[in-house]
Amino acid sequence: MTGILGKPLSWGTRLWGRVPQELRRVVVLVLLGSVTGLVAVLFHYCVEGISRRTFEHLAGQGTGFFLAGSLASITGGVLLVTAIIRLFDPSCEGGGVMPVKLAFWKKAGVMRLRTAVVKFVGSTLTLGSGVSMGPEGP
């Protein structure tokens with residue numbers, strides 16, 4: 001059995017082709033839902049980990065140390081995220097939620113992997129370092 005380009009199909013491709021279309025849809029949806037859930041848990045875990053290493057650590061050090069450390073954490077987070085965005089994907093600059101929603105509605109949820117990774121890392125660092133995040137994004 002050959003594919004579109006005349007190359008032989010792998011056994012996995014042949015097997016997948018024999019699976020009924022409705023079952024294939026279910027499998028794909030289960031996989032997408034599982035990956036999405038894992039990414040959400042990873043995001044939460046990363047934000048909590050950064051926050052734990054900054055603010056929870058600073059909380060036990062006294063008021064002055066907490067205030068100075070909080071300012072340093074927020075400033076450092078902003079500078080780090082700005083550098084990451086400018087180095088790896090400047091198209092992420094200045095937008096958080098709205099570009100993701102637009103990609104969902106206009107492009108059926110398709111977004112470049114680089115953009116998704118930079119938004120994930122930027123949002124994680126932004127929230128974890130104590131910067132409030134709104135429509136402006138990371």
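Begin by selecting T54, which touches S73 and G128 once residues up to four places away in sequence are set aside. The model on screen is a predicted one, and every value given on this tour is computed from it. T54 sits in helix α2, and because its relative accessibility is 18%, under the 20% limit, it counts as buried.

Next, extend the selection to the residue that follows, F55, and add F66. These two rings form an edge-to-face aromatic pair, with 6.3 Å from centre to centre and 65° between the planes. The pair links distant parts of the chain, since F55 belongs to helix α2 and F66 to helix α3, 11 residues apart. The two partners fall into separate accessibility classes: F55 counts as buried at 19% relative accessibility, whereas F66, at 29%, counts as partly exposed.

A search of the whole structure finds two aromatic pairs, and F43 with F120 is the one to select now. Their ring centres lie 5.6 Å apart and their planes meet at 65°, so this pair is edge-to-face. Here too distant parts of the chain are linked, with F43 in helix α2 and F120 in helix α5, 77 residues apart. F43 counts as partly exposed at 25% relative accessibility, and F120 is likewise partly exposed, with a relative accessible area of 21%.

From F120, stay on helix α5 and turn to the interior. Select V81, I84, I85, C92, V118 and L125, the six residues that make up the largest nonpolar core. Two elements, α3 (63–88) and α5 (113–128), each give two or more residues to this core, and α3 gives the most, with three. For a closer view, centre on V118: leaving aside its neighbours within four places in sequence, V118 is in contact with I84, I85, F88, D89 and C92. In soluble globular proteins, nonpolar side chains tend to be buried together.

For the last stop, move to the surface and select W16, L23, V26, V27, V28, L29, V30, L31 and L32, which together make a nonpolar patch of about 810 Å². Helix α2 (residues 21–59) supplies the largest share of this patch, eight residues. Within the selection, pick out V28, a residue of helix α2. Is V28 buried, partly exposed or exposed? At 39% relative accessibility V28 counts as partly exposed, because that class covers values between the 20% limit for buried and the 50% limit for exposed.

Terms used: Residues are numbered from 1 along each chain as its sequence is written. This is a predicted model: local features need pLDDT of at least 70, side-chain atom pairs count only at pLDDT 80 or more; totals for chains, interfaces and linings use all residues. Side-chain values use heavy atoms; hydrogens and water are left out. Patches are made of residues with over 30% relative accessible area and no salt bridge: like charges are joined within 9 Å, nonpolar side chains (Val, Leu, Ile, Met, Phe, Trp, Tyr) within 5 Å. Accessible areas come from the Shrake-Rupley method with a 1.4 Å probe; for residues, only the protein chains shown count as cover. A salt bridge is a side-chain nitrogen of Lys or Arg within 4 Å of a carboxyl oxygen of Asp or Glu. Helices (H or I, at least four residues) and strands (E, at least two) are DSSP runs, numbered from the N terminus. Buried means under 20% relative accessible area, exposed over 50%, partly exposed in between (1.4 Å probe, protein chains only). A nonpolar core is a set of buried Ala, Val, Leu, Ile, Met, Phe, Trp, Tyr and Cys residues joined through side-chain atoms within 4.5 Å. Contact means heavy atoms within 4.5 Å. Rings of Phe, Tyr and Trp (its six-membered ring) pair if their centres lie within 6.5 Å; planes under 30 degrees apart count as stacked, over 60 as edge-to-face and the rest as tilted.
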